[in-house]
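Here are a few exercises to work through with the structure open beside you. Try each task before you read its solution.

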Amino acid sequence: MRVPRLVVAGTESGAGKTTVALGLMRALRRRGLRVQPFKVGPDYIDPTYHTAATGRPSRNLDGWMCGEDLVRALFARAAGPADVAVIEGVMGLFDSAGPATDSGSTAEVARWLDAPVILVVDASGMARSAAAMVRGYATFDPGVRIAGVVFNRVGSPGHFELLRESLAAYGGPPALGYLPRADGLQAPERHLGLVPVLDPRAMAPYLDRVADAVAATVDLDRVLAIARAAGPVTVPDGAGPFPDRPAPGCCRIAIARDAAFHFYYEDGLDLLAALGVEWAPFSPLAGESIPPGTDALYLGGGFPEVYRAELSAHDKLRADVQAAHRAGMPVYAECGGLMYLSRAIVDPDGQVWPMAGLLPVSARMQPRLAALGYARATFLQETLLGSPGDEVLGHEFHWSVTDPHPPDWPPAYRFRGRRVDGKEDGFARPALLASYLHLHFVANPHAARRFVQAAARYRAVRLDRERAAARPVTG
């Protein structure tokens, strides 16, 4: 397939790639183009900005978890109907899961998709030195094509001319434009990175401001020409876990979606839907009850620690979750979801905020990041998503830690990975799995099928109970 596309990559984290990517997405959309956004890596928050900027759900392309064929298939599945695809990178262009591999890097995805790269360089305090930096990036990997440069935090039009002339003098990729050093272009941040966008209308003024800046000082026609010059993308037959035809509905899963719980991969949710799931969104933050007719509960990651007071105040919902678990309803929770299922969240001041209480531990906030990185996890016991010896691929990013496992709650799995080798984690019961590990279901289709099967089995039990309760009493 042939799709105009480009990758927006930074020389490093903080260079400004998110700002430039958002500006390009929004500016191209304002030209009437259908812009399909993507994010390299396991990030959940940047895609909310992409979706607000383009009006199309952003998708993650994670080389470490998904591999080449699946990355190509996911790209083709989402980008096919679009006029142009804009892929925002992760960290610096060549930063990866290890010091001597490009696995999980922006460069890896750019090479697999044969996508031209626009390199974002923080030019504050630089002139000729920028040419040396760009030349190094342009020649580091011959399989990665840097087609142009956008400079960020430029002091003046004259400063940009110095930068542009330095690239031209040393045969580097062309300078496509710049963003000025100005207030109002940086997105708001909190301890887990950017503040997620849950209301696109509220973010519209910021996105339009960034798009105005890009349109004023970046050559959009040249950017589009670069994207349109990209060659075809080859997608292997049968790549990807999606069935040829969606399965008939077999279960209804309640999914927590609000400001406290919203870390989900869109392709993962699409896969579960294709396997027969009907989604029933609800808001724990608003105290909404588990929707009627629910066959499983999915609590994703997010910011429950930020909303600890509100969540703790909803006694009825916490009682509903406990009752659903006692009835045997499958409950799957990741990271923030685990925190909600714990006895309590203990904030940095030591104040205790009661939570749902399905787990025999508390989640304690730490002053530093507690875990960050990819992990291979092998199940140690029978769980909702896998059997002993089964492996799943995931990612951790959290600031809290839980109390030690009680003896009667052995860990659900053991990690393998550079920083986590041998670590054991996760809480499991026959109808419950909670852990800090975020899973991408398209990279773990066996786990997705197990979850759906568990929900379908519970549905059969639930319907039998409801029929029995509805029978008239005789005699």
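**Exercise 1.** Find how many cavities of 30 Å³ or more a search of the whole structure gives, and work out which classes of residue line the largest one.

*Solution.* Keep in mind that this is a predicted model. The search turns up three cavities of 30 Å³ or more. Next, the volume: the largest cavity comes to about 40 Å³. Now walk around its wall, where you'll meet Tyr264, Tyr265, Gly268, Leu269, Tyr298, Leu439, His440 and Phe441. Sort that lining by class and you get six nonpolar residues, two polar and no charged ones.

**Exercise 2.** Describe how helices H5 and H6 pack, and say which residues make the contact.

*Solution.* Start with the geometry: H5 (residues 129-140) and H6 (residues 157-169) meet at an angle of about 50°, and their axes lie 8 Å apart. Angles from 65 to 115 degrees would count as roughly perpendicular and those under 35 as roughly parallel, so H5 is oblique to H6. As for handedness, the crossing is right-handed. H5 brings Ala130, Ala131 and Val134 to the contact, while H6 brings Leu163, Ser166 and Leu167. By class, that's five nonpolar, one polar and no charged residues.

**Exercise 3.** Take the second largest pocket and find which helix gives the largest share of its lining.

*Solution.* First, its volume is about 330 Å³. The lining has 17 residues, and Thr48, Thr51, Val197, Arg257 and Glu266 sit closest to the centre. Helix H2 (residues 46-54) gives the largest share, with four residues. Finally, the classes: eight nonpolar, five polar and four charged residues make up this lining.

Conventions:
Residues numbered from 1 in each chain as written. Predicted model: local features only at pLDDT ≥ 70, side-chain atom pairs only at ≥ 80, totals over all residues. Heavy atoms only, no water. 1 Å grid on protein atoms, 1.4 Å probe; cavity = no way out; pocket = protein on both sides within 12 Å on 5 of 7 lines; lining within 4 Å. Points joined across faces, edges and corners; volume = space filled by probe spheres on them. Nonpolar A, V, L, I, M, F, W, Y, C, P; charged D, E, K, R; others polar. Axes fitted to C-alpha atoms, helices over the stretch in contact; angles between N-to-C directions. Helix = DSSP H or I, 4+ residues; strand = E, 2+ residues; numbered from the N terminus. Parallel < 35°, antiparallel > 145°, perpendicular 65-115°, else oblique. Left-handed = near helix turned anticlockwise from the far one by under 90°. Contact = heavy atoms within 4.5 Å.
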